[in-house]
Amino acid sequence: MNWIKNLKKSFVEKVKQTFKRERPSRKDQDNSLWINCPGCNQMLLKEDLKRNFNVCKCTHHFDLDPKTRFSEMFFDDGEFEIIECPDWADPDPLNFKIGDKKFIDKYNAYKKKTGQQSAILAAKGTVNGLNIIAFGYNFQHGGAALTQREGEHLIAGIQRALDEKVDAVVSFYQSGGMAVTGNLNSLKNMPVQMMAMKMLKKAGIVTIGICGSKITGGTFCNVYGNDFIFAENPKSENLLFAGKRVSASVNKGHELPQDFGQASSIVDHGMIDGAFESRMEIREKITNLIRVLLKKSEIETKAESTSNVKVDLQSVS
Ligand SMILES: [Zn+2]
C-alpha cells in the first residue's frame with residue numbers, strides 16, 4: 001500500500017506549500033514602516049512609536065538605542081559628552097573565527113550599524129543639574145556581548161567618574177553577557193567591573209543599574225555591583241542568569257512559571273529593588289533618589305572626616 005502513503009504524503013506537501021506563509025526577513029522588517037507589537041498584537045507605525053520613545057499604548061516597551069535615550073529623554077537639554085573608548089582595547093585578541101567567518105569582521109559590521117565605538121555608549125552630562133556618567137548597552141551591537149573592548153570602555157568611564165567625582169553613575173543594561181569569542185579576556189570583565197564599582201562606592205558616588213529586557217550571563221551578575229537596581233517597566237523580561245529559553249531546556253519536565261525572569265516576578269522575590277511603571281519616569285525618579293542619597297552621604301562624610309578618595313583603576317585592570 002505504499003502508493004497510498006506516497007499519494008497522501010504528496011497531497012500533504014502540496015497543501016503545506018499552498019498555505020506556506022513567507023516570513024519576512026530581518027532586512028524586510030527593518031525596512032518596513034510598520035512593526036507588530038508582541039504586547040497587543042497590533043500593527044504600529046514606526047514613526048508614531050518613535051514619538052512615544054518606543055513605548056506602545058499597551059505599555060509594551062520596545063528596545064531603545066542608547067543615543068536616542070540619552071539625547072531625548074535623559075540628559076538635560078539632550079546634551080552630553082561622549083566618553084571615548086580606548087583605541088588600544090582589542091575586541092578580538094584571540095583572532096576568533098565562527099565557521100569560516102572572522103569575528104572581527106562581524107564586530108566591525110556592528111560598529112558600522114550602530115555608529116558606536118563599542119557595544120557601550122558612555123557619556124557624561126547633567127540630569128536635573130546632577131553630574132552623571134551614564135552607560136547605555138546597545139543590543140543591536142551583537143547582542144551587547146562584552147568583549148575586552150567593552151570592558152575597557154566601561155573602565156574608562158568609571159575612571160572618569162572617579163577623577164571628576166561625579167554625583168552618580170547610571171547604567172542602562174541590556175546584554176547577553178560576556179562574549180564567548182574572548183574567552184578569559186571577556187570573563188575578566190566580571191571581577192574587574194565589580195572592583196571598579198566598589199571603588200565608586202568607596203568614593204561616595206551613587207551607582208544605579210536600570211534593566212531593560214534580555215539581560216543574562218555575566219552582565220546579569222555585574223548588575224549586582226550597583227547600589228540600587230531597577231527594571232525600566234514591570235514587563236521587562238529575560239532578567240536572569242540563564243534566561244527563560246535556556247532555563248526551560250535544562251529543566252525538562254518542570255514547567256516554568258509564566259512570569260519567569262519577568263521584572264514584576266523578580267521584584268516580588270527580592271532580587272532587585274523595584275520596577276518603574278515606564279521608562280518615561282526614570283529621569284525624575286532617579287534624580288530624587290540620588291539627591292536623597294547624596295544628602296545622607298554628605299552627613300556621613302563630615303562625621304568620618306574623610307575626603308578626596310583618589311583611586312586608580314589601572315591597578316586592577
Ligand atoms: Zn502594544
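## Packing of α6 and α8

In this predicted model, helices α6 and α8 (residues 189–202) pack with their axes 10 Å apart and at an angle of about 10 degrees. Angles under 35 degrees count as roughly parallel, and α6 and α8 are therefore roughly parallel to each other.

On the α6 side, the contact is formed by Gly 151, Leu 154, Ile 155, Ile 158, Ala 161 and Leu 162. Their counterparts in α8 are Asn 189, Val 192, Gln 193, Ala 196, Met 199 and Leu 200. By residue class, the contact of α6 with α8 comprises 9 nonpolar and 3 polar residues, with no charged residue.

## The seven-stranded sheet

The model contains an open sheet of 7 strands with mixed pairing, arranged in the order β3-β6-β7-β8-β9-β10-β11. Its edges are formed by β3 (81–82) and β11 (274–275), each of which pairs on one side only.

At the β3 edge, the partner strand is β6 (residues 120–127), and the two pair in the antiparallel sense over 2 bridges. Within this pairing, Ile 82 stands opposite Ala 123 of β6. Helix α6 (residues 148–164) packs on the sheet, where α6 touches β6, β7 (130–137) and β8 (168–175). The direction of α6 makes about 20 degrees with that of β6. Helix α6 thus has contacts both with these strands and with α8.

## Domain arrangement

The domain assignment divides the protein into domain 1, covering residues 1–62, and domain 2, covering residues 64–304. Taken over C-alpha atoms, the centres of the two domains are separated by 31 Å.

The contact between them draws 6 residues from domain 1 and 9 residues from domain 2. On the side of domain 1 that touches domain 2, 2 residues are nonpolar and 4 are polar, while no charged residue takes part.

## Model confidence

The mean pLDDT of the protein is 89, and 91% of its residues reach 70 or more. Confidence is highest in the edge strand β3, at 98, and lowest in helix α1 (residues 2–19), where the mean is 74. Helix α1 falls within the bounds given for domain 1.

Over residues 305–311 the pLDDT is below 50. Beyond near neighbours in sequence, this stretch has 7 contacts in the model.

How values were computed. Residues numbered from 1 in each chain as written. Predicted model: local features only at pLDDT ≥ 70, side-chain atom pairs only at ≥ 80, totals over all residues. Pairing = 2+ DSSP bridges. Helix = DSSP H or I, 4+ residues; strand = E, 2+ residues; numbered from the N terminus. Contact = placed C-beta atoms within 7 Å. Axes fitted to C-alpha atoms, helices over the stretch in contact; angles between N-to-C directions. Domains from an automatic or database assignment. Nonpolar A, V, L, I, M, F, W, Y, C, P; charged D, E, K, R; others polar. pLDDT = per-residue confidence, 0-100. Parallel < 35°, antiparallel > 145°, perpendicular 65-115°, else oblique.
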